[in-house]
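Student: Please take me through one part of this model closely. I would like the loop with the unusual backbone first, then whatever leads up to it.

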Amino acid sequence: MTIRQRVALLTLLLSLVSLSIAGAKKKPQVPDFILKAHTVCVIIDPDAGTSMNDPMANKTAQDNVEKALMTWARFQLVQEPGRADLVIVIRKGSGKPVDRTVGNLPTTDRPVTVQQTDNAIRIGGQQGRAPGSPTQTMPQDTRPEQQTEVGPAVEQDSFIVYGPGNDMAHSVPQISDRNLGYRTMGKNILKSPDVPAVSDFRKAIEESEKQQQQQKKP
């Protein structure tokens, strides 16, 4: 191969790499339905058991996420998933790959919610099963029981955002019918006061909006 051929090949490779990088930069961080959303509901993963070492871990994480969203003030928090444009499903990790928990305890019942940040206060209430709450196959024995949970979902915090349902004929789509819009997992990403999961979600939205603005430029 001559020097000229080598230079031409190198130029071609650099062009391909540049196009690949440019394409990666233009890839949306979040889908359009998240950018258009106005309301959000935060629930605890219905498959998560209640930790025996820290029974309030998921409830505390839920409260942390909601307060961070209140401070952000982009979305209006609602109490019932069926009335929300977005449903955020959270789960607090135990920090261990194996954890002993108690199953069959309710995670979505919240008769009264009172939350306050530096510049806002929120009072919410819910009676009975909320429309659009996750449906669970009820076991024959619904008494609380000890169980062992294993895997990355047990060890790390998770933050998953769902959008509208696939079947728009349903006025109140279940979580299983909704479209996945954004997800992240990591250690202590639901921990206050920073709540990194919400911060990263906000950055993803802001980056997507910047990309849309750039694409609209002539």
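Tutor: Start with asparagine 188. Its relative accessible area is 33%, so it counts as partly exposed, between the 20% and 50% cut-offs. The model is predicted, so read these values as computed from it. Asparagine 188 sits in the loop between β10 and α5. Its phi is positive, about 60°, although the residue is not a glycine. That deserves a second look because most residues other than glycine have a negative phi.

Stay in this loop. Proline 193 also lies between β10 and α5, the helix of residues 196-216. The peptide bond joining serine 192 and proline 193 is cis, with omega about 5°. Most peptide bonds are trans. The loop thus holds two backbone features to check: a positive phi at asparagine 188 and a cis bond before proline 193.

Now step back into the strand that leads here. β10 spans residues 178-186. It belongs to an open sheet of five strands, in the order β3-β1-β4-β9-β10, with mixed pairing. β10 and β3 (76-77) stand at the edges, each with a single partner strand, so one side of each has no neighbour in the sheet. For β10 that partner is β9, residues 157-165. The two run antiparallel and share seven bridges. Look at one position in particular: aspartate 157 stands opposite glycine 186 in β10.

Cross to the other edge. Helix α3, residues 57-72, lies across β1 (39-44), β3, β4 (86-91) and β9. It runs at about 165° to β1. The loop between α3 and β3 holds alanine 73. Here phi is near 65°, again a positive value in a residue other than glycine. Alanine 73 is exposed, because its relative accessible area of 57% is over the 50% cut-off. Set the two residues side by side: asparagine 188 is partly exposed at 33%, whereas alanine 73 is exposed at 57%.

Last, confidence. The mean pLDDT of the protein is 78, and 66% of its residues reach 70 or more. Two stretches stay under 50. Residues 127-131 are one of them, and there the model has 10 contacts beyond four places in sequence. Residues 135-139 are the other, with five such contacts.

Definitions and conventions
Residues numbered from 1 in each chain as written. Predicted model: local features only at pLDDT ≥ 70, side-chain atom pairs only at ≥ 80, totals over all residues. Heavy atoms only, no water. pLDDT = per-residue confidence, 0-100. Contact = heavy atoms within 4.5 Å. Pairing = 2+ DSSP bridges. Helix = DSSP H or I, 4+ residues; strand = E, 2+ residues; numbered from the N terminus. Axes fitted to C-alpha atoms, helices over the stretch in contact; angles between N-to-C directions. Buried < 20%, exposed > 50% of the residue type's maximum accessible area, 1.4 Å probe, protein only.
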